[in-house]
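User: Hey, I'm new to this one. Can you walk me through it?
Analyst: Sure, let's pull it up and go topic by topic.

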Amino acid sequence: MTDGEFESDRSTGEFRAAHDPYSTLRIPEYRRYLLAMLAAGIGAEMRDLAIGWELYERTGSFLALGAVGLALIIPVLLLALPAGHLSDSLSRVRVILAGEILITVSAVVLACVSYFSGPIIIYYGCLILIGIAGAISRPARWAVVPQLVPNSLVSNAVTWSSTGWQVAAIAGPALAGRLIESTGTACWVYLCEAACAIAAIVSLAGLETPPARVEREPLTWASMAAGFSFVARSRLILATLTLDLFAVLLGGAVTLLPVYSRDILRLTPAGLGWLRAATPLGAFVMSLILNQRRPMTQPGRSLLYAVAGFGMATIVFGLSTDPMLSFAMLFLIGAFDNISVVVRATIVQVLTPDTMRGRVSAVNGIFIGASNELGGFESGLVARLFGPVVAVVSGGVGSILVVLGVAWIWPEVARLGSLTKLGAADAERSVEGTGVDSVG
């Protein structure tokens, strides 16, 4: 190796391999996967803004917005476990392709309903189909990454995947808001989503990964529930998933952005697009910072501080009537959330055996789906009863209380060492319940 491939550790005087933030991007298979997820993400973010805008324009109802999350989470709760089993038994890329085909169909139907001003109930039917697609493909999306990169690069791959998703989440709402404002309809947004899904299918076509196991297990309740059993016995995984579940469940302000944009901040649809892009913009900036820095040496403490910051920024956003301050708080919400995403995803991926990754990712999907989609329903319901400001502020307070609870119940989270040095021994200690006092 050349001298540039090493750097000196000033604390020990020893030499160690230099950090390469672009290591996973040099792997062709991972690049194809990342491009596919970028295209799919842009389409999904465009659709999410369009549905929220269109439903609120046509109904003026907080509950109509909250019901979006309910329609999306029901398929996840019903199908996540069998989908996790399938992603451990079949080619994970093919499972992802099946989900993108369903997304394409739903986008075309949404375009037709929007163009002809069809019944509102059809929107929710399409949302259920989108939820089915997500339930099928989400475990495979998460579980396939360790098959594309070496184990030592999983944290770097997770960070770049998060970066790609945030790019999509910035571009998608901005494009959708501008398109709606220029055409006066959401129809073209849904057609763009269909095109993005087709682009993802083309990028993934021919990319094969082997099933996680040589022999396929029969689809039984025991095999499907094995992911729950593993998570319940792994204190680190359970703690981080619980933290994400309740913090985002209570602190979700994004669902009420159409209300804040139109009724509180007095913004146009394009303004709504930029407001929605603020959160992923913050996450994108944070992901770039994390990519350029060495992996966190105390990720557990960083995780707890980040979720607490998420709650505080949510409170300020809920009280704000100034568009710039609101944008800034949404930016911080995204930045703090990105830290949580990287730490949680790396812990789940590294501490889970490959033969279990699909099913554990399915459990992860249930936690995330419950936090995001049920959180949206919770925000809509509380806004209906007490108003949008109370819904957002109380959620931020709840997120901070969740951090305190997790730190008390699972003290090993604060003692977690470097993510790059997590391995099989740490997984065993975590599952046995002794915790990981120090790693590395």
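Analyst: One cut-off before we start: a disulfide here is a pair of cysteine sulfur atoms within 2.5 Å. Also keep in mind that this is a predicted model.

User: OK, so how many disulfides does that rule give?
Analyst: The count comes to zero.

User: Why doesn't Cys-112 bond with Cys-187?
Analyst: Cys-187 does hold the closest cysteine sulfur to that of Cys-112, but the two sulfurs are 7.3 Å apart, which is too far for a bond. The cut-off is 2.5 Å. As for its surroundings, Cys-112 is partly exposed, at 40% relative accessible area.

User: And what about Cys-192, how far is its sulfur from the closest cysteine sulfur?
Analyst: That distance is 6.7 Å, to the sulfur in Cys-196, so again it's too far for a bond. Cys-192 also counts as partly exposed, with 29% relative accessibility.

User: Switching topic: what's the chain built from?
Analyst: It has 15 helices and two strands. Of its 440 residues, 57% count as buried.

User: And the surface?
Analyst: About 18,000 Å² of the chain is exposed, and carbon and sulfur atoms supply 67% of that.

User: Are contacts mostly between neighbours in sequence, or between residues far apart?
Analyst: Taking contacts between residues at least 6 apart in sequence, 85% join residues at least 24 apart.

User: Any aromatic pairs, and how many?
Analyst: There are four aromatic pairs in the structure. One of them is Tyr-22 with Trp-160, a tilted pair with 5.9 Å from centre to centre and 35° between the planes.

User: Where do those two sit?
Analyst: Tyr-22 is in the loop between strand S2 (14-17) and helix H1 (28-59), while Trp-160 is in helix H5 (residues 154-183), so the pair ties together parts 138 residues apart in sequence.

User: Is each one buried or partly exposed?
Analyst: One of each. Tyr-22 is partly exposed at 38% relative accessible area, whereas Trp-160 is buried at 11%.

User: Got another pair for me?
Analyst: Yep, Tyr-30 and Tyr-33 are also a tilted pair, 6.1 Å centre to centre with 40° between the planes.

User: How are those two placed along the helix?
Analyst: Both are in helix H1, three residues apart, so about one helical turn separates Tyr-30 from Tyr-33.

User: Buried or exposed?
Analyst: Tyr-30 is buried, with a relative accessible area of 0%. Tyr-33 counts as buried too, at 5%.

Methods. Residues numbered from 1 in each chain as written. Predicted model: local features only at pLDDT ≥ 70, side-chain atom pairs only at ≥ 80, totals over all residues. Heavy atoms only, no water. Helix = DSSP H or I, 4+ residues; strand = E, 2+ residues; numbered from the N terminus. Buried < 20%, exposed > 50% of the residue type's maximum accessible area, 1.4 Å probe, protein only. Contact = heavy atoms within 4.5 Å. Areas by Shrake-Rupley, 256 points an atom, 1.4 Å probe, with all protein chains shown as cover. Phe/Tyr/Trp six-rings, centres within 6.5 Å; stacked < 30°, edge-to-face > 60°.
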